[in-house]
Amino acid sequence: MSKTTLAIIAGVSAAAGASVTAAIYSSRKQRDALPLPQSTSSIPSTKTSSAPLPIPAAPAQPYKEIIPPVNPNGLFQYGFPGPVSDLHPTLSTTSAFDRRTRNPAWVAEHITPASLLANNADRRHSYFVEDESIPSKFRAKLEDYRRSGYDRGHQVPAADAKWSQDALDQTFLLSNMCPQVGDGFNRDYWAHFEDFCRRLTNDYPSVRIVTGPLYLPKRDPEDGKWRVSYEVIGHPAPNVAVPTHFYKVIFAEDGKTGGNVSLGAFVLPNAPIANNKPLKDFEVPIEAIERASGLDFAAKLPMQRRRRLCDEVHCTIIVREYMDRQKNLMGDSPARKSLSLTI
């Protein structure tokens, strides 16, 4: 990986230590060239030789002919251990849940100019609720967040689903939440970032966003080794992992069948971030998020259809107070860059 790419990725953690994120992406996937196959048999010489010809090795026994004396698959008569992703579509979201961390692995949403202009719901009528589609022993509970010091942070924001009260209510399921730092992040920079995503619909007729948590390593100052460490909250027993970072992968579609898709990938630390911090400091290659999360976001999107979002629009946030954001959800366009502008 180039030093430039490493610098971009290291910027992800600037608010909480630049080295946090850089570790996970410190090396690019290497594809070593396969060695040329070496012949295991010798070519007979036309000259007479007293040396015996090599005896060819017996072919390996075909796997299908091996009758094992054991049956590991017999375990399934008692149940399938997992992992289970708890894929859960709702009116406003589609998500996969991580039972180990009690957080979503990813939550996807789709916003359009029409969906954001519709105002058929009132947040005052929505309440945080446990997701009963997830088994009780694996799901996050309301009590887990009580006096934890963390916000119940929406992955898909409620403001993106005001086209229906039912759709809005479903964004308050705890399967759409992660523990987030409140002041300086969830109620500030992260909210401004969500506003940026909404404003993209002024330039693109269709915007799809995938949001989720990350748990990234940090170098131990004592021994120099990298370790993943995160807090766990919950009551009476700690159950819910506190992510070290959050990501968003943005697909801004031009609306044409087989058209171009502008991709944006960002990773932000779960920590207070100054409002004057440039959003582009948190931009990373989509492959970096895939490698850190174990997820694959755009495997079916051909390279020739891909565009870089921050080459198409100005990736900047607009700082607004909370009430101002509620009054104007879509806000001003991020503004397209001039084609003549040097990137």
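## Salt bridges and a central strand: a tour

A search of the whole structure finds 14 salt bridges, a salt bridge being a side-chain nitrogen of Lys or Arg within 4 Å of a carboxyl oxygen of Asp or Glu. The model is predicted, so that local features need pLDDT of at least 70 and side-chain atom pairs count only at pLDDT 80 or more, while totals for chains, interfaces and linings use all residues. Residues are numbered from 1 along each chain as its sequence is written, and side-chain values use heavy atoms, with hydrogens and water left out.

**The strands**

Select residues 206-214, which make up strand β6; strands here are DSSP runs of E with at least two residues, numbered from the N terminus. Eight of the nine residues in β6 are buried, where buried means under 20% relative accessible area, exposed means over 50% and partly exposed lies in between, computed with a 1.4 Å probe on protein chains only.

Add residues 103-111, strand β3, which pairs with β6 in the antiparallel sense over five bridges; two strands count as paired if DSSP finds at least two bridges between them. To find one of the contacts, pick Ile111, whose bridge partner in β6 is Val207.

Next, show residues 245-253, strand β11, which runs antiparallel to β6 and is joined to it by nine bridges. Within this pairing, Gly212 stands opposite Tyr247 of β11.

**The salt bridges**

Side chains of opposite charge can pair when their charged atoms come close. Select Asp122 and Arg124, whose side chains meet in a salt bridge with an N to O distance of 2.7 Å. Asp122 counts as partly exposed at 21% relative accessibility, whereas Arg124, with a relative accessible area of 68%, is exposed.

Move on to Glu130 and Arg139, which form a salt bridge in which the closest N and O atoms are 3.4 Å apart. Is Arg139 buried or exposed? With a relative accessible area of 15%, Arg139 is buried, while its partner Glu130 is partly exposed at 25%.

Now display Asp223 and Arg227, where the side chains meet in a salt bridge of 2.9 Å, taken from N to O. Arg227 is partly exposed, with a relative accessible area of 38%, and Asp223 is likewise partly exposed, with a value of 38%.

For the last stop, select Asp151, Asp183 and Arg187 together, since these residues are linked in a network of salt bridges.

Note on methods:
Helix = DSSP H or I, 4+ residues; strand = E, 2+ residues; numbered from the N terminus.
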